[in-house]
Amino acid sequence: AECVSGCVCPQGLFDDGKGGCVEKKDCPCTYNNEWYSPGQKITVDCNTCTCQKGFWSCTAYECYGTCTIYGSGHYITFDGKFYDFDGRCEYVATQDFCGDKNSSGSFSIITENVPCGTTGVTCSKAIKMFLGKTELKLEDKVYKEIQRDIGGDVHYWNRTVGLYLVIEASNGVMLIWDKKTTVFIKLAPDYKGKVCGLCGNFDDKSNNDFTTRSGLQESNALKFGNSWKQSSMCPDVTEEIKPCDMKPHRKSWAEKECSIIRSDVFKICHSKVDPIPFYEACAHDACSCDSGGDCECFCSAVAAYAQECTKAQACVFWRTPDIC
């Protein structure tokens with residue numbers, strides 16, 4: 001509704017939404033409630049958008065998808081759906097063995113979740129990555145390679161970048177691990193709509209991400225999550241755990257620490273990435289990690305928000321000698 005002709009401005013000029021009248025070519029654009037002047041550029045994923053006459057003109061590259069699993073059972077799917085699932089088992093995070101029984105996939109990534117703290121929430125303890133006939137197991141800050149008899153050859157290489165171990169495979173799959181409870185899975189655009197698991201189906205629509213192993217659409221995160229367990233021996237998750245209700249004496253500490261996410265430290269990011277789900281996830285983790293490592297849980301939760309901010313071109317230096 002901004003930049004419209006009407007009784008506000010002289011004929012031929014448009015209201016720019018800021019109390020001024022401009023020619024059509026000088027109309028600004030909005031993105032996440034921020035105003036941008038004509039000619040200004042923003043980056044969205046791997047595409048660049050330029051403001052032209054009040055509208056965004058964007059490049060149309062196909063981008064890598066990223067799925068994030070962090071802290072005590074927080075998931076952000078390839079299509080950006082944010083949900084919580086606390087299950088004690090091994091689960092399929094993502095794989096390209098979907099649907100057709102005869103089709104052979106090239107990769108599978110499994111997350112093993114174990115309890116962290118006494119409230120019953122779980123964290124990802126180990127990651128298994130199957131690439132053709134190679135199995136990589138990431139656990140205790142290191143990774144081991146196991147060769148299996150079946151499967152093709154998929155080459156991979158690894159490197160360390162800052163805090164993270166990065167494993168990149170020739171089939172367009174990348175895994176980034178902080179050697180603790182955070183893992184980012186990146187997939188090449190060729191996998192769009194061809195994957196399944198807790199990370200969703202990567203088809204640019206978030207409303208169908210809760211597709212169970214049998215191909216049904218679920219609205220409930222627990223039923224969806226339970227369908228992707230690796231072993232039928234594991235118990236199903238039947239209720240969502242709220243650790244701050246169970247540990248009320250930790251709640252005020254958790255909310256005070258996590259308030260950094262909503263504070264001015266991250267101000268430049270707030271309009272680009274909604275801080276509320278990350279703040280709530282942070283409080284959840286800080287309440288639940290009550291058997292040591294509580295600062296580590298808090299730091300991982302803030303780092304997950306900082307990572308999303310960096311992806312949205314809002315680089316925030318939040319670590320200090322006192323914080324993480």
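**Salt bridges, nonpolar cores and the packing of helix α5**

D153 is exposed, with a relative accessible area of 60%, which places D153 over the 50% cut-off for exposed residues. The structure described here is a predicted model. The side chain of D153 meets that of K133 in a salt bridge, with an N to O distance of 3.6 Å. Because D153 lies in the loop between β15 (142–147) and β16 (156–161), and K133 in the loop between β13 and β14 (134–139), the pair ties together parts that are 20 residues apart in sequence. K133 is partly exposed, its relative accessible area being 27%.

A search of the whole structure finds 13 salt bridges. One of them joins the side chains of E90 and K128, at 2.8 Å from N to O. This pair links distant parts of the chain, as E90 belongs to strand β11 (residues 90–95) and K128 to strand β13, 38 residues apart. E90 has a relative accessible area of 22% and is therefore partly exposed, whereas K128, at 17%, is buried; the dividing value for buried residues is 20%. A further salt bridge forms between R159 and E168, whose closest N and O atoms are 3.0 Å apart. R159 counts as partly exposed, with 38% relative accessibility. In addition, salt bridges link E62, K192 and D204 in a network.

In soluble globular proteins, nonpolar side chains tend to be buried together. The largest nonpolar core of this model contains 44 residues, and those with the most contacts inside it are I109, L175, I185 and L187. Strand β13 (residues 122–131) supplies the largest share of this core, namely four residues. Apart from neighbours within four places in sequence, the contacts of L187 are with Y64, G65, F78, T94, F107, G172, V173, V195 and F202. A second core, separate from the one described above, has 30 residues, including A254, C258, F266 and C299.

Helix α5 comprises 13 residues (residues 276–288), which at 1.5 Å a residue should span 18 Å. The C-alpha atoms at the ends of α5 are 18 Å apart, so the model agrees with the expected span. The helix is mostly covered, with ten of its 13 residues buried. These buried residues are F278, Y279, A281, C282, A283, H284, D285, A286, C287 and S288. An α-helix has 3.6 residues a turn, so residues three or four places apart point the same way. The packing partners of the buried residues of α5 include both strands and helices: the strands are β8 (65–70), β9 (74–76) and β10 (82–84), and the helices are α2 (243–246), α3 (248–258) and α6 (294–311).

The surroundings of N113 were also examined. N113 is found in strand β12 (residues 107–115). With a relative accessible area of 5%, N113 is buried, that is, under the 20% cut-off. The side chain of N113 is joined to that of Y75 by a polar contact of 3.3 Å. Not counting residues up to four places away in sequence, N113 touches Y75, G87, R88, C89, Y91, T122, C123 and S124.

Definitions and conventions:
Residues numbered from 1 in each chain as written. Predicted model: local features only at pLDDT ≥ 70, side-chain atom pairs only at ≥ 80, totals over all residues. Heavy atoms only, no water. Core = buried A, V, L, I, M, F, W, Y, C linked by side-chain atoms within 4.5 Å. Buried < 20%, exposed > 50% of the residue type's maximum accessible area, 1.4 Å probe, protein only. Helix = DSSP H or I, 4+ residues; strand = E, 2+ residues; numbered from the N terminus. Contact = heavy atoms within 4.5 Å. Expected span 1.5 Å × (residues − 1). Salt bridge = Lys/Arg side-chain N within 4 Å of Asp/Glu carboxyl O. Polar contact = N/O pair within 3.5 Å; in protein donor to acceptor, adjacent residues only side chain to side chain.
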